[in-house]
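Hi,

I'm passing on a structure for you to look at, with some notes on what turned up in it. Have a look at it first, then read on.

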Amino acid sequence: MSDDSHDEDERTLIRTGREFEQEYRLDAAEAGAFLVDLGKQLQSGEELTISTDEWTLPFAFGEPVELEIDFDGVGDPELEIELQLPGRTDEKAPNVE
């Protein structure tokens with residue numbers, strides 16, 4: 001077993017039924033790189049995974065995705081961009097007989 005796979009096994013898995021929140025203060029370039037990587041995962045399928053050395057969060061998302069843009073130009077201008085991804089359900093409709 002390599003060190004990388006051992007480290008991956010040591011990560012906390014964030015699962016459904018648990019609340020998790022983590023906040024980061026990044027420079028714009030690093031935040032942009034994160035958003036590009038996130039966008040690629042959103043474009044390529046119905047599941048994404050976000051992780052650090054300490055935790056991993058797999059998430060199967062559904063449609064529609066909600067995007068909110070909020071600009072406050074009063075005082076110190078601020079732009080807030082929020083993305084909400086609904087969870088995907090694997091439930092199927094019942095049979096009609």
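**The negative patch and its strands**

β4 gives the largest share of the negative patch, 4 residues. Please bear in mind that this is a predicted model. The patch lies on the surface and is formed by Glu-66, Glu-68, Asp-70, Asp-72, Asp-76, Glu-78 and Glu-80. Two elements give two or more residues to the patch: β4, covering 66-72, and β5, covering 78-84.

Glu-68 is one of the patch members, and its place is in strand β4. Is Glu-68 buried, partly exposed or exposed? Its relative accessibility is 36%, so Glu-68 counts as partly exposed.

The two strands behind the patch also pair with each other: β4 and β5 run antiparallel and are joined by 7 bridges. Within this pairing, Leu-67 stands opposite Leu-83 in β5. The hairpin of β4 and β5 has 5 residues between the strands, and Gly-75 takes a positive phi near 70 degrees there.

**The open sheet**

There is also an open sheet of 3 strands, in the order β1-β3-β2, and its pairing is mixed. β1 (12-13) and β2 (47-51) are at the edges with a single partner strand each, so one side of each has no neighbour in the sheet. The pairing of β1 with β3 (residues 55-60) is parallel, over 2 bridges. One contact to look up here is Thr-12, whose bridge partner in β3 is Trp-55.

Happy to talk any of this through.

Best wishes

Key
Residues numbered from 1 in each chain as written. Predicted model: local features only at pLDDT ≥ 70, side-chain atom pairs only at ≥ 80, totals over all residues. Heavy atoms only, no water. Patch = residues over 30% accessible without salt bridge, like charges linked within 9 Å, V, L, I, M, F, W, Y side chains within 5 Å. Areas by Shrake-Rupley, 256 points an atom, 1.4 Å probe, with all protein chains shown as cover. Salt bridge = Lys/Arg side-chain N within 4 Å of Asp/Glu carboxyl O. Lys, Arg positive; Asp, Glu negative; His and termini not counted. Charge placed at Lys NZ, Arg CZ, Asp CG, Glu CD. Buried < 20%, exposed > 50% of the residue type's maximum accessible area, 1.4 Å probe, protein only. Pairing = 2+ DSSP bridges.
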